[in-house]
Amino acid sequence: MEELLRWLDDLVSAGKIHHAALSNFPAWRVSRAITLADLRSQAPIVGIQHEYSLVERSADRELLPMAESLGLGAALWSPLGGGLLTGEYRSSAEGRLRDLGLVVPTESTDQKTAVVDTVLAMAQETGVAPAQIAVAWVRERAARSSRSSARATCPSSTATSTPSTSS
């Protein structure tokens with residue numbers, strides 16, 4: 001980690017990048033990197049990047065709460081779960097999974113199958129593409145997190161905002 005932080009600090013100092021961030025690191029390593037960079041007066045870590053979708057929500061446990069608490073930006077990738085949430089890669093005969101022969105995310109658990117079924121049902125009910133449902137969910141989560149961060153960093157805004165009651 002020390003070598004990586006030195007490298008990032010050199011890049012910022014040379015003007016080759018404006019900010020340093022970490023991608024696909026566990027929360028404990030991000031926290032350690034932030035602490036080390038601060039102690040050594042190096043370029044601060046300002047954000048994280050992690051996979052996040054309706055079928056991959058592990059970032060909910062530690063990464064997103066850490067990012068919110070530490071004021072880090074969060075760039076979330078694969079909102080369609082690697083294409084799984086489009087419904088095009090179903091294991092059944094109507095899916096394209098058998099034709100591709102590529103490594104694509106699959107409905108490896110009953111929970112993932114239930115999520116895909118729900119997204120497809122919502123898409124059918126609302127008349128929009130399943131991808132729109134999946135992306136809208138990620139965008140709403142990000143917006144909710146931003147509103148929560150704004151209330152935490154701007155105490156005066158709490159008097160005019162209403163807390164979110166859904167999770």
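Where in the chain does serine 41 lie? In this predicted model, serine 41 is found in the loop between H2 and E2, and a tour of the fold helps to place that loop in its setting.

The chain has 167 residues, of which 31% are buried. Its secondary structure consists of six helices and three strands, and these follow one another along the sequence in the pattern α-β-α-β-α-β-α-α-α. The accessible surface amounts to about 10400 Å², with 54% of it belonging to carbon and sulfur atoms. When contacts between residues at least 6 apart in sequence are considered, 61% of them join residues at least 24 apart.

The three strands form an open sheet in the order E1-E2-E3, and their pairing is parallel. Strand E1 (20-23) and strand E3 (73-77) stand at the edges; each has a single partner strand, so one side of each is left without a neighbour in the sheet. From one strand to the next, the twist averages 20°.

The pairings can be followed residue by residue. E1 is joined to strand E2, residues 45-51, by four bridges, and the two strands run parallel. Among the bridge partners, serine 23 is matched with glutamine 49 in E2, and leucine 22 with isoleucine 48, also in E2. The path from E1 to E2 passes through H2, a β-α-β crossover that is right-handed. On the other side of the pairing scheme, E2 and E3 are linked in the parallel sense over five bridges; here glutamate 51 has tryptophan 77 in E3 as its bridge partner. E2, H3 and E3 together make a right-handed β-α-β unit.

The two faces of strand E1 can also be told apart. Ala20 and Leu22 belong to a covered face, whereas Ala21 and Ser23 belong to an uncovered one. This arrangement is easy to read against a general rule. In a regular strand, side chains alternate between the two faces of the sheet.

Helix H3 offers a similar view of sidedness. Within this helix, residues 63-70, the residues Leu63, Leu64, Met66 and Ala67 are buried. These residues cover an arc of only 160° around the axis, which puts them on the same side of H3. A general feature of helices is helpful here. An α-helix has 3.6 residues a turn, so residues three or four places apart point the same way. What do the buried residues of H3 pack against? Their partners are helix H2 (27-39), E2 and E3. Directly after the helix, H3 is followed by glycine 71, whose phi is positive, near 70°.

Helix H2 is also the place of leucine 36. Is leucine 36 buried or exposed? Its relative accessible area is 13%, which is under the 20% limit, so leucine 36 counts as buried. Leaving aside neighbours within four places in sequence, leucine 36 is in contact with Met1, Glu2, Leu5 and Gln42. One of these contacts, glutamate 2, is 34 residues away along the chain, yet the C-alpha atoms of leucine 36 and glutamate 2 are separated by 7.6 Å.

The loops bring the account back to serine 41. Phi of this residue is near 55°, a positive value in a residue other than glycine. Such a value stands out against the general trend. Most residues other than glycine have a negative phi. With a relative accessibility of 68%, serine 41 counts as exposed. Serine 78 likewise has a positive phi, about 65°, although serine 78 is not a glycine. This second serine sits in the loop between E3 and helix H4 (97-100). Serine 78 is buried, with a relative accessible area of 17%, while serine 41 is exposed.

A further loop residue deserves a look. Serine 53 is placed in the loop between E2 and H3, and its relative accessible area is 0%, so serine 53 is buried. Which residues does serine 53 touch, not counting those up to four places away in sequence? The contacts are Ser78, Pro79, Gly81, Leu85, Trp137 and Val138. Serine 53, from the loop between E2 and H3, thus touches Ser78, which belongs to the loop between E3 and helix H4.

Notes
Residues numbered from 1 in each chain as written. Predicted model: local features only at pLDDT ≥ 70, side-chain atom pairs only at ≥ 80, totals over all residues. Heavy atoms only, no water. Pairing = 2+ DSSP bridges. Axes fitted to C-alpha atoms, helices over the stretch in contact; angles between N-to-C directions. Buried < 20%, exposed > 50% of the residue type's maximum accessible area, 1.4 Å probe, protein only. Contact = heavy atoms within 4.5 Å. Areas by Shrake-Rupley, 256 points an atom, 1.4 Å probe, with all protein chains shown as cover. Arc of directions from axis to C-beta. Right-handed = clockwise from strand over helix to strand, strands pointing away.
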